[in-house]
Amino acid sequence: MIGAIKQEAASHDDFKAIVFAPTAAQAGLYGHILSMIPGLPPVSTLHSRMTQNRRTKITNDYRDAPSAILAATDVIARGMDFPGVTTVFQIGIPSEKESYIHRLGRTARANAEGRGILVICEAESFFPRWTLKNTTFIPHEADTSSAEQVERIMDTIDEDEKAQIYKAWLGYYNNHMKGLKWDKAELVRQANVFASDGLGTPETPPIPKSTVAKMGLKGTRGLNVVPDKPRNKATNKGGR
């Protein structure tokens, strides 16, 4: 991802990009990483977990910026016009074909030129091959020249935050097992590879027992299942 963004940034005087992530947690991660890479334009992050006032300010600032990067989820995939977007990056497979199309529509507006770049792993190649079979893609090898730089940035991220990113990744790809041709065991194995190689976690991140049950992964080997945190009981102290 970083290599592709650097290449695109170098080819534009006013580079303005949207980086779409599958989950809010990953949007936050990508925004943080990109903000730490020297030489890139200002970076902001946008997703549905933010307050409406904050989302409005971020979208207005990005809309007015001549050069910027916005890491976001599908919260901005439809109904928003951002002038001057040169490139739309989609990291990982979108939730569906329509999502891919609407995301791509954030660039090349009002007769302007624009590019779309889909960054996926080998297991996700079914999406462009079959779901987007009428779309022509030009394959490129991944540019991993920034790998060590990203690893150093990942070392600064709190393990609890990494656990949230891991949980979100697991939940998202749990909904795409059919296309990926994964069973539950393979889903967990891939999630743990993402945790160790992508997030740099020293061990499998913990995931609450109730979350495992909601995902239908109860009994699947490889998960680090932990008890749910106790809920705070409301106490009626009386008074007005």
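**Figure 1. Surroundings of F194 in helix 9 of the predicted model****.** F194 is located in helix 9 of this predicted structure. With a relative accessibility of 17%, F194 counts as buried, because the cut-off for a buried residue is under 20%. Leaving aside residues up to four places away in sequence, F194 is in contact with I165, Y166, W169 and L199. One of these partners, Y166, is 28 residues from F194 in sequence, yet the two C-alpha atoms are 7.7 Å apart in space.

**Figure 2. Salt bridge between K162 and E159 in helix 7****.** The side chains of K162 and E159 meet with an N to O distance of 3.5 Å. Both residues belong to helix 7 (residues 159-174), where they are 3 residues apart, or about one helical turn. An α-helix has 3.6 residues a turn, so residues three or four places apart point the same way. K162 is buried, at 2% relative accessible area, whereas E159 is partly exposed, at 39%.

**Figure 3. Salt bridge between D61 and K57 in helix 3****.** This pair is one of the 6 salt bridges that the structure holds. The closest N and O atoms of D61 and K57 are 2.7 Å apart. The two residues are separated by 4 positions within helix 3 (residues 52-64), about one turn of the helix. D61 is partly exposed, with a relative accessible area of 43%, and K57 is exposed, at 52%.

**Figure 4. Salt bridge between R103 and D74****.** The side chains of R103 and D74 form a salt bridge, with 2.6 Å from N to O. R103 belongs to helix 4 and D74 to the loop between strand 3 and strand 4, so the salt bridge ties together parts that are 29 residues apart in sequence. R103 is buried, with a relative accessible area of 1%, while D74 is partly exposed, at 31%.

**Figure 5. Buried residues of helix 1 and their cover****.** Within helix 1 (residues 2-10), the buried residues are I2, G3, I5, E8 and A9. Several elements contribute to their cover, among them strand 1 (16-20), strand 3 (68-72) and strand 4 (87-91). Strand 5, helix 2 and helix 6 (147-154) are also included in this cover.

**Figure 6. Two loop residues with positive phi, A108 and K181****.** Most residues other than glycine have a negative phi, and most peptide bonds are trans. A108, which is not a glycine, has a positive phi of about 55 degrees. A108 is placed in the loop between helix 4 (97-104) and strand 5 (115-119), and is partly exposed at 40% relative accessibility. K181 likewise has a positive phi, near 60 degrees. K181 is part of the loop between helix 8 (177-180) and helix 9 (184-198), and is exposed at 77% relative accessibility.

**Figure 7. Contact between domain 1 and domain 2****.** The domain assignment of the protein chain gives domain 1 (1-131) and domain 2 (157-221). Domain 1 supplies 13 residues to the contact and domain 2 supplies 12. The C-alpha centres of the two domains lie 24 Å apart. About 1,100 Å² is buried between domain 1 and domain 2, with 73% of this area coming from carbon and sulfur atoms. Across the interface there are 0 salt bridges, but 4 residue pairs are in polar contact. On the side of domain 1 that touches domain 2, helix 2 (residues 24-35) gives the most, with 4 residues. By class, this side of domain 1 has 7 nonpolar, 5 polar and 1 charged residues.

How values were computed
Residues are numbered from 1 along each chain as its sequence is written. This is a predicted model: local features need pLDDT of at least 70, side-chain atom pairs count only at pLDDT 80 or more; totals for chains, interfaces and linings use all residues. Side-chain values use heavy atoms; hydrogens and water are left out. Domain bounds come from an automatic or database domain assignment. Contact means heavy atoms within 4.5 Å. Buried area is the accessible area (1.4 Å probe) that two parts lose on being put together, summed over both. A salt bridge is a side-chain nitrogen of Lys or Arg within 4 Å of a carboxyl oxygen of Asp or Glu. A polar contact is a pair of N or O atoms within 3.5 Å; within protein, one must be able to donate a hydrogen and the other to accept it, and residues adjacent in sequence count only if both atoms are side-chain atoms. Ala, Val, Leu, Ile, Met, Phe, Trp, Tyr, Cys and Pro count as nonpolar, Asp, Glu, Lys and Arg as charged, and the others, Gly among them, as polar. Buried means under 20% relative accessible area, exposed over 50%, partly exposed in between (1.4 Å probe, protein chains only).
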